[in-house]
Amino acid sequence: MKQRVSRATHGSEPRHPSDLWLGKTSLVYSLVRPLLFTLPPSWAHAVAMAALAPVEHVALLRALTRAMFAVNRPELATRTMGLDFSNPVGLAGGFDKNARRARALAALGFGHLELGTVTAHGQAPNPTPNLFRLPRDRALINRLGFPNEGADPVTAHIEHVRSGIPVPIGISIGKSRVVALDPVEGVVADYLASFRAARPRANFVVVNVSSPNTAGLRAMQGQELARTLLGALAAENKVGARVPLLVKIAPDLSDDELEGVLAVADECELDGVVATNTTIARTGLATDAATVEAIGAGGLSGPPVRARALEIVRRVRARLGPERTVIGVGGIDSTEHALAMMRAGANLVQLYTGFIYRGPGVVRSIARGLADTVAQAGAKSLAELTRASWPTGA
């Protein structure tokens, strides 16, 4: 058994003076959050985006913010999809739909950002109210439906600010609401238009076929429809400069449905899978049933999704083997949760709901905890610590 080693003997980073300041930041956020939560969720999101504006637009503020929040520990360095990640903790798609705060979010210490989801045709949100909090569950329900300015303008903006984003950028692409599911050729053309806009501006592209908030979209996870769509995107990706291509799947797939979409991902030689999107299930919630029923339809995110997301990640890793990339998403808001997801088979993890409930210090907290865990285990890297636990076999 490996002995626990001190951080000094392992060569880990000493405690940084900013840790005290970050502790105060977490305390301040814990005091501010109740005030934010008195606002409708969409208003609170707008306030948060406004608060990030100075960091987004002032290079000096970005540098100072990054110095305070980023964790630069060599044991966290992760290489996958041919890309280098300073740490495995990323921002999930859906938070910055129009990429208007990408530089500021990177400065908060995220190891990568997934921006969007963008659609070929710009579109407004679904009718309000479309975003709800479940504080007792530290969860959210949303039925926003891919609101964005459109793939061309959003990706053009990403290109404009890319030099100020020092981490890999993923762009999530989805189906435009105005495009019918039948015939499927229209859906393929719609995704291809977004892919062509995203590819030259992204380090990787995520194909979102699993949001519950675009009517009928999840049908695209069915084996035949998935083969048509993902096959077309994979073929397009072979023309010109190739970009890593992943598919984002739902936690609500049955075992047979999951096997079907993973078989297609394997057949199309996709680079990986993002597991998982939000769930339509409402089981095991602390929030009273009447409140949940009154909210109605939408995708549930946060801790209630965690157990199923972990199981899906295990199954994806076992089915696709050790070389494909798996990004684990669902209920992560602590080092313990991130580590569990990575031991289940994830190369990288992403936050959304945990970021909202725990505030801007959560990324540093998780990354620092991961690095400390590696050091205490006497391992050389996070990969060395976690990969031994990965499942094998279909």
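Okay, let's start in the middle of the sheet, with strand E4, residues 112-118. E4 is mostly covered: seven of its seven residues are buried. Before I go on, keep in mind that this is a predicted model.

So who sits beside E4? On one side there's strand E3, residues 89-91, running parallel to E4 and joined to it by two bridges. If you want a pair to click on, Leu91 stands opposite Leu113 in E4. To get from E3 to E4 the chain passes through helix H5, residues 102-107, and that β-α-β crossover is right-handed.

E4 has another parallel partner, strand E7, residues 169-173, and here the pairing covers four bridges. Leu113 turns up again, this time opposite Ile169 in E7. That makes Leu113 a handy landmark: Leu91 of E3 faces it, and so does Ile169 of E7.

Now jump along the chain to strand E9, residues 245-249. What is its burial like? E9 is mostly covered, with five of its five residues buried. Looking at the side chains, Leu245, Val247 and Ile249 point one way, while Leu246 and Lys248 point the other way, and all of them are buried. Yes, that list includes the lysine, Lys248.

E9 also has neighbours to talk about. Strand E8, residues 204-208, runs parallel to E9, with four bridges between them. Val205 has Leu245 in E9 as its bridge partner. The connection is a right-handed β-α-β unit made of E8, H8 and E9, where H8 is the helix at 223-237.

Then there's E10, residues 272-275. E9 and E10 run parallel and are joined by four bridges, and Ile249 stands opposite Ala275 in E10. Here too we get a right-handed β-α-β unit, from E9 through helix H9, residues 255-267, to E10.

Hold on to Ala275, since the backbone does something there. A cis peptide bond joins Ala275 to Thr276, with omega at about 15°. Thr276 lies in the loop between E10 and helix H10, residues 289-295. So Ala275 has a bridge partner in Ile249 and a cis bond to the residue that follows.

Where is the other cis bond I want to show you? It joins Asp182 and Pro183, and omega is about 10°. Pro183 is placed in the loop between E7, the partner of E4 we saw earlier, and helix H7, 184-198. As a reminder, most residues other than glycine have a negative phi, and most peptide bonds are trans. That's the background for flagging these spots.

On the phi side I have a couple of residues. Arg138 has a positive phi, near 50°, without being a glycine. Arg138 is in the loop between strand E5, 131-134, and strand E6, 139-142. Phe146 also has a positive phi, near 55°, and is likewise not a glycine. Phe146 comes in the loop between E6 and helix H6, 151-161.

Buried or partly exposed, for each of these? Arg138 counts as partly exposed because its relative accessible area is 29%. Phe146 counts as buried because its relative accessible area is 8%.

Phe146 takes us to Ser211. UniProt, in an unreviewed entry, puts an "active site" feature at Ser211. Ser211 is placed in the loop between E8 and H8, and with a relative accessible area of 5% it is buried. What does Ser211 touch? Leaving out residues up to four places away in sequence, the contacts are Phe146, Leu217, Arg218 and Asn277. So our positive-phi Phe146 is one of the residues Ser211 touches.

The same unreviewed UniProt entry type gives us the wider label: "domain: Dihydroorotate dehydrogenase catalytic" at residues 76-372. That span is 37% helix and 19% strand, and its end C-alpha atoms lie 10 Å apart.

Last stop, Arg62, in helix H4, residues 59-69. Arg62 is buried but has no salt bridge. How far away is the nearest side chain of opposite charge? It belongs to Glu56, and it is 5.8 Å away; the cut-off for a salt bridge is 4 Å. Setting aside neighbours within four places in sequence, Arg62 is in contact with Val55, Glu56, His57, Arg103, Ala104, Ala107 and Gly164. Among those, Arg103, Ala104 and Ala107 fall in H5, the helix of that E3 to E4 crossover.

That's my tour, thanks.

Definitions and conventions
Residues are numbered from 1 along each chain as its sequence is written. This is a predicted model: local features need pLDDT of at least 70, side-chain atom pairs count only at pLDDT 80 or more; totals for chains, interfaces and linings use all residues. Side-chain values use heavy atoms; hydrogens and water are left out. Buried means under 20% relative accessible area, exposed over 50%, partly exposed in between (1.4 Å probe, protein chains only). Lys and Arg count as positive and Asp and Glu as negative; His and the chain ends are not counted. Contact means heavy atoms within 4.5 Å. UniProt positions are given in the numbering used here, feature names are shortened, and annotations may be inferred rather than shown by experiment. Two strands pair if DSSP finds at least two bridges between them. A crossover is right-handed if, with the strands pointing away from the viewer, the path from the first strand over the helix to the second runs clockwise.
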